[in-house]
Structure formats: C-alpha cells, structure tokens
Amino acid sequence: MANRFVSPKKLLQTTLRCSFSTRPLNAAAPSSLTAVSPLTLEDKPPTTTSTTTTPFTTFSNSTINLDDTKSLFSSLSTTKLLRSAINLHAAAVEPMVDLGMWVMNSKLMNAGLLRGVMVAGIRHTFFEHFCAGENPAEACRKVNEIWDCGLRGMLVYALEHAGDNESCDRNLDGFLRTVEAAKSLPPSSVSCVIVKITAICPMGLLKRVSDLLRWEYKNESYQLPWKLNTLPIFTDSSPFYHTPIKPNPLTPEEEQNLYLGHERLEKLCQKCLEANVPLSIDAEDTSVQPSIDYFTYSAALRYNKDDNPIVYGTIQSYLKDAKERLYSATSAAEKMGVPMGFKLVRGAYMSSERKLASSLGVESPIHNTIDQTHACFNDCASFMLEKTANGSGAVVLATHNLESGTKAAEKARELGIEKEKQKLQFAQLYGMADSLSFGLRNAGFQVSKYMPFGPVELVMPYLLRRAEENRGLLSASTLDRQLLRKELKRRLKDAIM
C-alpha cells in the first residue's frame, strides 16, 4: 500500500528536480487614501514614527494627478459614480457593518425568509460593488467593462479553506473554468488569475507541512523525504513559534494528499501556461504561509522560464521578515536562472496574528508601526522595480496608498521602465481606490483591479472574514469619497448650467 503513495510522489519529485537542475540562473507617511494591501484587504498597524529610509525619490504629485476629477472619472457614467459614492459611504459606517456581520453570523440566518432577504440585500449592494459577479461569465463581463475604462482584471474565484479532497477537486474545477473563461476575453484584458492554495489543498495538511518545514529549517539534520526542490522559504527572523515541538512525520495518507495538492496546482499552472495568463498565488497567515511558499516556489521552478514568469508569489510587507525573504528567494532564483514574479501587498491577517502571538507570549511577526510597514513595502517595491528594469523579474504593486503608488511610479520612470511594460503592474481592489487606479492609468501605467467572484452564499464567508480582518479600511477611504462627491457636484453644476 505504501508503494501506491510513494510512486507518484517520486515521479513528481524527479520531474521537478530535472527541470530545476537544467536552469542557469524614508518610510512613506500614510496618505489620505488608506494605507492597505488592496489584494488582501488589511488596514493599518498602530501609528508611531520611524526613521527608516527608502531608496525612493522625494514625493511628487507630477506623476499622478488627482485634482482633475473630470479626466479621472471620464470613463464612468454618472449612475456608476452615484452608486459607488452611496456604497462607499454606507460601508464607511462601522456600526452598520457591525450590525450586518452580527446578523450574518447569527442564528437568524437559519430562518429561510430572513436569509433570503439578507442575501438579496447584500447581492444588490456590497456584493455588486465589491465583487465581479457570481460566475465566470458575469466576471468576464465586468472585466470587459473595466477594460473599456483602460484597466485590467485579476480574476479571483473567491473560495478558500477546503477541508477535504472532494472540496479541493470541486474548487479546482472552478479555477480551471476561470482560466478557460479568460481565454474568451480581449488579449491582455486579464492580467492574472488568482488562487489560494487553501482552496486546493486541505487546510489541516498545510499546517502539518508548515510545521515540518519550520522544524527542518531549525534542525539541519532533519530531512523531509517528500520535499520537492524549492526556493528559500525562511530567514532567521521568520516566526517559528507555531512549531514548539518536533512534529510527527507525514503519514502515507498525508503524503498522498500532498501529492494530490501538487497535482491540482500542476493542472492549474499548465492551464495558465496554455492560455498565457499568469497565476498569482495569494498569501495566508503565518501558520500556513511556509507551505504556501513551498507550493508556489516548487511550481515556479518548473513553469517560470525564458524571462516569462507564469507563477507569482505574494510577499506581505507588514511581516518583519518580508524583505529578507524576498531578497533570499529572488537571489536564489537568479542563480538558478528562474525568472520570478511577486505581488507585493501589505497584509491581511493583522488582528489574528497579533492575538495568537500575544496568547503565546511571543513577539508579533508584524511590524510594530505603520511607518515600518510603509518603509518595508517601499523598500521591497524599489528592489523589485530594479529587478524588473534589469529584466530579471516581474512585480505587481498592490497598494491603495497614494504615496507608495506615486513613489513607485517615479522610481519606474527613473529606471526607464516602459509604462506599458507588462512586467510592472499596479493593482487595487475592485470597487475601491478608483481614483488611484485611474490616476495611474492616466499616467500611462498598467493597472489591474482584484475582482473576486462566486455564488453570493459561498463568497459570503470570504467577505465576512475580510470585513472582520479589515476594520477601518472602508471608513478610511476618505479621499475616494471626497473625489467622487467633487465630480458629482461638477457634473450637476454642468447639467444645470
């Protein structure tokens, strides 16, 4: 029976290892646009000052012009502007959001009539504003809409946290259909497809694999027989408190399930390669992030070839070890001749990370101040922009922060990176930070919107987790709401005159 588990795993190891061995290779101050990761929806750490400096140039408004709202929102109808303004103002009222979350998590939702009313209410308000639809066809229509506005789409089948192989297989089918749907859209209108490894590999197994990877890093004599070739996952400053004692080895059944997880990711990577659509793998919390990186890097070593990254990893800059891990992984990839793509975000699990660290009496893995997070994001962005300029990397700068966006645009201009170059992307959430998106678009850069979609009732847990983790995010979107009001007043005035 053991041979049934070992044989396919050995075959996959051999394949990837052969592929692997043949390759050569001043902190930004918070702006009035909330300082968050747009792709993982995290708000702000506590504010204190920081003396950290970055290699970015002095802030300048010359690159991104937000003053001319007529030019900024020229591609949006007045109806769309009005609905956006109403939804953003409603979402900014935290007591309303709290009440909605309480109702959605309460037993009241077991009552069929109330559940139907609530789901319908969410579908026609927040869901329509922040999500791209309930299926790939609806999401593709939304991509076409923003493509007409000069923006690109990041398609996100918003399911995660699968518990068994049956759920993983079902989720994989949804991701494959997403890639297939993207092929029907205009070339370049989809910048990437997003996947969460927790949707295609059971969560419990990912925690087990992360524990074993941590233990191996801290104990060099400890060897993992199932481990594929990968890039560096840890640095000495990474958090290891999740694994206080030696974990048990994977059982034969767990090894088989791990192989199945790799196989699902392989199918998805192959589908993306055939469609010439990059696959971006989202980050998770630190309890499972080592296994997420392990999946990401082992796939990247096989599929990222010829200066064309297909697989992108994600670096969360609110983590204290983010910069070192980014430097270490890119350095190793360069030595192997593997082009790496990274999506830079600020992070999405601040509350839960800090609660866990506090409960264990250990230091939080997240930067102590928001300035340190800004500085880390800007340092990582500058580093990846230089790699991109030299032709050895690709980067998605996912930020809602006006100052970070402006500094990155100025840096790209200094380095001579062509604005239309596909290997430099900016990104913001669908339904948020539109002013920054359009400002960067008007400056000539490639800009994408992170567009989650899926059935309302299945996506609801995703939305609730994001709302809980990102308290204050929407209420901090002051600049967007101000600019929307300004443009609506201008249009009203023009209509009257």
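Which strands does helix α7 lie across, and at about what angle does this helix run to β1?

## A helix across three strands

In this predicted model, helix α7, which spans residues 165-182, lies across β1 (152-157), β2 (190-195) and β8 (447-453). The direction of helix α7 is at about 160 degrees to that of β1.

Another helix, α10, is formed by residues 289-303 and packs on the sheet, where it touches β3 (279-281), β4 (311-316) and β5. Taking β4 as the reference, the direction of helix α10 makes an angle of about 150 degrees with that strand.

## The barrel

The strands named above belong to a barrel, which eight strands close in the order β1-β2-β3-β4-β5-β6-β7-β8, with parallel pairing. On average, and with direction ignored, neighbouring strands of this sheet are turned by 30 degrees against each other.

One pair of strands can be followed in detail: β5, made of residues 340-345, and β6, made of residues 393-398, pair in the parallel sense over five bridges. Within this pair, K343 stands opposite V396 in β6.

## The surroundings of D434

Helix α15 covers residues 434-442, and D434 is found in this helix. Is D434 buried or exposed? With a relative accessible area of 16%, D434 counts as buried, because the word applies to residues under 20%.

The side chain of D434 is joined to the side chain of K449 by a polar contact of 2.9 Å. When neighbours within four places in sequence are left aside, D434 is in contact with K449 and D480.

Note on methods
Residues are numbered from 1 along each chain as its sequence is written. This is a predicted model: local features need pLDDT of at least 70, side-chain atom pairs count only at pLDDT 80 or more; totals for chains, interfaces and linings use all residues. Side-chain values use heavy atoms; hydrogens and water are left out. Two strands pair if DSSP finds at least two bridges between them. Helices (H or I, at least four residues) and strands (E, at least two) are DSSP runs, numbered from the N terminus. Axes are lines fitted to C-alpha atoms, for helices over the stretch in contact, and angles run from 0 to 180 degrees between N-to-C directions. Contact means heavy atoms within 4.5 Å. Buried means under 20% relative accessible area, exposed over 50%, partly exposed in between (1.4 Å probe, protein chains only). A polar contact is a pair of N or O atoms within 3.5 Å; within protein, one must be able to donate a hydrogen and the other to accept it, and residues adjacent in sequence count only if both atoms are side-chain atoms.
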